[in-house]
Number of protein chains: 2
Amino acid sequence: MSQPAAVEPIGKRERTKAANRQAILAAARRVFAQLGYEAATVRDIIRGTELASGTFYNYFKSKEEVFEALADDGARRFKPILRRARENARSFEDYLHSAFVAYFRFIVEDNQLEGRPIDERRPHLRLDTPEMMAVYLEVRQGLEEAIAHGDAPRVDADYLACACIGIAQEVGTAMLRRVPPDIDAAADFATGLILKGLGGAPRQS
Amino acid sequence: MSQPAAVEPIGKRERTKAANRQAILAAARRVFAQLGYEAATVRDIIRGTELASGTFYNYFKSKEEVFEALADDGARRFKPILRRARENARSFEDYLHSAFVAYFRFIVEDNQLEGRPIDERRPHLRLDTPEMMAVYLEVRQGLEEAIAHGDAPRVDADYLACACIGIAQEVGTAMLRRVPPDIDAAADFATGLILKGLGGAPRQS
DNA sequence: CCGGAAGTTGACGTGTCGTCATTTTTGTGA
DNA sequence: TCACAAAAATGACGACACGTCAACTTCCGG
């Protein structure tokens, strides 16, 4: 073969580094799900890998930083989904609905792992990391665009973005408590509420 | 004096017990505000009192339990406020507005202490302690009553209650970031959003 | 094949954890 | 008033997690 390895693997150094990082993140996911974020220790995480305790600190400063990396991962995956929803939307209502569907789908997938209740898997969600900020801004820009186009009235975009996020979080959590979770119903509810308020939310069946 | 002490102080036992508990809670408040919930240790809290480390465990099992006690305190104080808002409300809109005002006032007062950003003062807020549950139920009952009276359409009361709580939390936090926080403006926004959706939210000035 | 840089390792000192035997304080009945 | 038991406070203790670091291993370029 003229190409012994592949095009990707630059060097063993880089490869194991990436692999170790991923191993730690994967172990952290499991540990947070099983023990809960609070109870989990750096040692628990590292025990879930083949690595030694000292190695952990070559990759992350603390348990908190690992969580941030996981959250940032999520945010990085989620933002483009949101962006595409905005670009492909045929109306403001369509945009809102598909954004909620995307988020609810996201959290359903993110909580497939067995273990502790969802609430205990994460610390207080900080919105102030760069990646989280980017998601907030994406939401806000989507709303500002709608306002600029006249699809939505000229309300306080910051408050509106926060309200949408709050609704998504709480209704999303409530949805997860129901089995099976009905993503569309939850998205319909949230969209209707924001668009027309109580009058717009779907009636009880 | 025919009454050496007062009518209240039953015995020294009970009094110091209550005083110690309060001392621990007060110290915890300060420590959580100054170091953040995550960084704080049981030792930090107990150092903020005159007590010895072992004594802490006569009152609470852990840092988490102290926080829960603080949260329960808040919930216990807040619930009757909410209840009265419901009883005195002249309309559903009035109820919503005064409930939001009450909550926003509450968090403004609760965050007077100097120290770390509000986000870091608390762990992920658990809604599943009895006191917290009671607040959720109070919100939900208020909404169900409105639905029963025909003041609000027959929507999913669980989702609606969660949405209101989510809006209150996120818009509340956003409000705290602005100086000075404008409680009425935030409450107007939230009330309008829920009642009539975007069309009902106040326009930007 | 060698030398050094990059990365890994696990033992170490520090500090927190929750426990518990001991001491101190408080209430009660003689 | 005193003595005694129950209640509560104390702080030392073993266990364990923290983050560090000197020694060691692995990898890469020359």
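Let's start with one residue. Arg177(A) is exposed, because just 11 other C-beta atoms lie within 10 Å, and 12 or fewer counts as exposed. Arg177(A) belongs to helix α8 of chain A. Now pair Arg177(A) with Glu68(A). They are 109 residues apart in sequence, and their C-alpha atoms are 25 Å apart in space.

One caution before I go on. This is a predicted model. Please hear every number that way.

Now the chain around that arginine. Chain A has nine helices and zero strands. Read along the sequence, the pattern is α-α-α-α-α-α-α-α-α. The C-alpha trace of chain A spans about 60 × 45 × 30 Å along its principal axes. Chain A has 205 residues, and 33% of them count as buried. What about contacts in chain A between residues at least 6 apart in sequence? Of those, 60% join residues at least 24 apart.

Back to helix α8. In chain A, α8 covers residues 157–177 and packs with α9, residues 183–196. What is the angle between α8 and α9 of chain A? About 150°, with the axes 10 Å apart. Angles over 145 degrees count as roughly antiparallel, so α8(A) and α9(A) are roughly antiparallel to each other. The crossing of α8(A) and α9(A) is right-handed.

Which residues meet there? From α8(A) we have Cys164(A), Ile167(A), Ala168(A), Val171(A), Gly172(A) and Met175(A). From α9(A) we have Ala186(A), Phe189(A), Ala190(A), Leu193(A) and Ile194(A). By class, the contact of α8(A) with α9(A) has 10 nonpolar residues, one polar and no charged.

Now the loop between those helices. Pro180(A) is in the loop between α8 and α9 of chain A. Is the peptide bond from Val179(A) to Pro180(A) cis or trans? It is cis, with omega near -5°. Turn to chain B. Pro180(B) lies in the loop between α8 (157–177) and α9 (183–196) of chain B. The bond from Val179(B) to Pro180(B) is cis, with omega near -5°.

Stay in chain B for one more residue. Ala102(B) is in helix α5, residues 92–110 of chain B. Ala102(B) has 17 other C-beta atoms within 10 Å, so it is partly exposed. Leave aside its neighbours within four places in sequence. Ala102(B) is then in contact with Ile81(B), Leu82(B) and Ala85(B). Take Leu82(B): it sits 20 residues from Ala102(B) along the chain, with the C-alpha atoms separated by 7.3 Å.

Next, the DNA. Strand C first. There are 22 residues around DNA strand C. Which come nearest? Ala52(A), Gly54(A), Gly11(B), Thr41(B) and Gly54(B). In chain A, α1 and α3 each supply at least two residues of the surface near strand C. In chain B, α1, α2 (42–47) and α3 each do so. By class, that surface near strand C has four nonpolar, 12 polar and six charged residues.

Now strand D. There are 21 residues around DNA strand D. The nearest are Gly11(A), Val42(A), Gly54(A), Ala52(B) and Gly54(B). Which helices supply at least two residues each to the surface near strand D? In chain A, α1 (12–35), α2 (42–47) and α3 (53–59). In chain B, α1 (12–35) and α3 (53–59). The classes near strand D are four nonpolar, 11 polar and six charged.

How values were computed: Residues are numbered from 1 along each chain as its sequence is written. Chains are lettered from A and ligands numbered from 1 in the order in which they are written. This is a predicted model: local features need pLDDT of at least 70, side-chain atom pairs count only at pLDDT 80 or more; totals for chains, interfaces and linings use all residues. A residue is near a molecule or strand if its C-beta atom, placed from the backbone, lies within 6 Å of it. Helices (H or I, at least four residues) and strands (E, at least two) are DSSP runs, numbered from the N terminus. Ala, Val, Leu, Ile, Met, Phe, Trp, Tyr, Cys and Pro count as nonpolar, Asp, Glu, Lys and Arg as charged, and the others, Gly among them, as polar. Axes are lines fitted to C-alpha atoms, for helices over the stretch in contact, and angles run from 0 to 180 degrees between N-to-C directions. Angles under 35 degrees count as roughly parallel, over 145 as roughly antiparallel, 65 to 115 as roughly perpendicular and the rest as oblique. A crossing is left-handed if the near helix is turned anticlockwise from the far one by less than a right angle, and right-handed if clockwise. Two residues are in contact if their C-beta atoms, placed from the backbone, lie within 7 Å. A residue is buried if 20 or more other C-beta atoms lie within 10 Å of its own, exposed if 12 or fewer, and partly exposed in between; C-beta atoms are placed from the backbone.
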